[in-house]
Amino acid sequence: MLKDITLGQYYPADSVIHRLDPRVKLFATLIFIISLFTFRGPFAFGLITIALATVIYISKVPFLFMVKGLKSILMIMSIAAICNLFFSPGTTLVTFWKITITYEGLRSAILMLLRLSYLIVGTSLMTLTTTPNQLTDGLEKALHPLTHLKVPVHEIAMMMSIALRFIPILTEETDKIMKAQMARGADFESGNLFKKAKNMVPLLIPLFVSAFRRANDLALAMEARCYCGGEGRTKMKPLRYQKHDREAYGILFVYLLLVIGLRILWTSLGIWS
């Protein structure tokens, strides 16, 4: 399961999506999340599906590699779907024992599963096609106007970049610790859910020790290179919008207008409101 975590990983490939400015991809991810949780009706959902599938195809990232990240949150998705399925009031479809499944509950459960799945795939696509350094530069540049309000934009971008960089590192470290303890007789597979969770407790101490050690090494390395914040720093490769970046912004605005238009149309028809 640990190897199925794709968030924070970078998949090198030669594609248009990889060459886009990181600010474009940050804005695209934001627009995608907004549209994902505000759409109404199957036409808007179909538009989102087509858009996501097209971007995945253009990115040249293997589809199976991307969707395997869903396995890591399968339990959360299942709990969310069950809660929506059994605890949503509405028109009764099926009743057995003391459990009632309603039409509204079934619809909410399906939408919740699809939205969470698309959310993970869409956000993973940004990190899979953008290096941590590019993501840091793009986030810092996008939030630069906030510096006039004394917001530490550079430090926030640096912390987010380090956090994303540490996700695959800590995942690999956890996998090594698990294999080492399994070689000593530890069992992480058998038993029910609570027993498995209890068996994971011995992993926490060595994992925290390893994380603190890596954080200390990183701090020493940054101090050795005289890092003292973002003030006065320059970029070797400053971000500049290219023609394909402007075209991508145009496509994003058209996509957003289509989703909003379909939502208004579907609401006015009184369907799935």
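Which elements each supply at least two residues of the nonpolar patch? In this predicted model, the answer is a strand and a helix: β1, spanning 92–96, and α6, spanning 103–128. The patch lies on the surface and covers about 730 Å². Its members are Leu 93, Val 94, Phe 96, Trp 97, Tyr 103, Leu 106 and Ile 110.

Helix α6 is a good place to begin a closer look. Leu 106, one of the residues of the patch, is found in this helix. With a relative accessibility of 35%, Leu 106 counts as partly exposed, because that class takes in values between 20% and 50%. Thr 127 also has its place in helix α6. Here the relative accessibility is 4%, so Thr 127 counts as buried, the cut-off for that class being under 20%. The side chain of Thr 127 has a polar partner: one of its polar atoms lies 3.0 Å from the backbone oxygen of Ser 124.

Attention now turns to the aromatic rings. The model holds four aromatic pairs. Among them is the pair of Phe 27 and Phe 253, whose ring centres are 5.9 Å apart and whose planes meet at 50 degrees, a tilted arrangement. This pair brings together distant parts of the chain, as 226 residues separate the two partners. Phe 27 belongs to helix α2 (residues 22–36), while Phe 253 belongs to helix α11 (residues 243–268). Both rings come from partly exposed residues: the relative accessible area is 25% for Phe 27 and 47% for Phe 253.

A further pair is made by Tyr 241 and Tyr 249. Their ring centres are 5.5 Å apart and their planes stand at 75 degrees, so the pair is edge-to-face; the cut-off for that label is over 60 degrees. Are these two tyrosines buried or exposed, or something in between? Tyr 241 counts as partly exposed, at 31% relative accessibility. Tyr 249, in contrast, is buried, because its relative accessible area of 19% falls under the 20% limit.

These two pairs can be viewed together. Phe 27, Tyr 241, Tyr 249 and Phe 253 form one aromatic cluster. A charged group also meets a ring of this cluster: the charged end of Arg 23 sits over the ring of Tyr 241, at 4.0 Å from the ring centre. Tyr 241 thus has two kinds of partner to look for in the structure, the ring of Tyr 249 and the charged end of Arg 23.

Technical notes
Residues are numbered from 1 along each chain as its sequence is written. This is a predicted model: local features need pLDDT of at least 70, side-chain atom pairs count only at pLDDT 80 or more; totals for chains, interfaces and linings use all residues. Side-chain values use heavy atoms; hydrogens and water are left out. Patches are made of residues with over 30% relative accessible area and no salt bridge: like charges are joined within 9 Å, nonpolar side chains (Val, Leu, Ile, Met, Phe, Trp, Tyr) within 5 Å. Accessible areas come from the Shrake-Rupley method with a 1.4 Å probe; for residues, only the protein chains shown count as cover. A salt bridge is a side-chain nitrogen of Lys or Arg within 4 Å of a carboxyl oxygen of Asp or Glu. Helices (H or I, at least four residues) and strands (E, at least two) are DSSP runs, numbered from the N terminus. Buried means under 20% relative accessible area, exposed over 50%, partly exposed in between (1.4 Å probe, protein chains only). A polar contact is a pair of N or O atoms within 3.5 Å; within protein, one must be able to donate a hydrogen and the other to accept it, and residues adjacent in sequence count only if both atoms are side-chain atoms. Rings of Phe, Tyr and Trp (its six-membered ring) pair if their centres lie within 6.5 Å; planes under 30 degrees apart count as stacked, over 60 as edge-to-face and the rest as tilted. A charge sits over a ring if NZ of Lys or CZ of Arg is within 6 Å of the ring centre and within 35 degrees of the ring normal.
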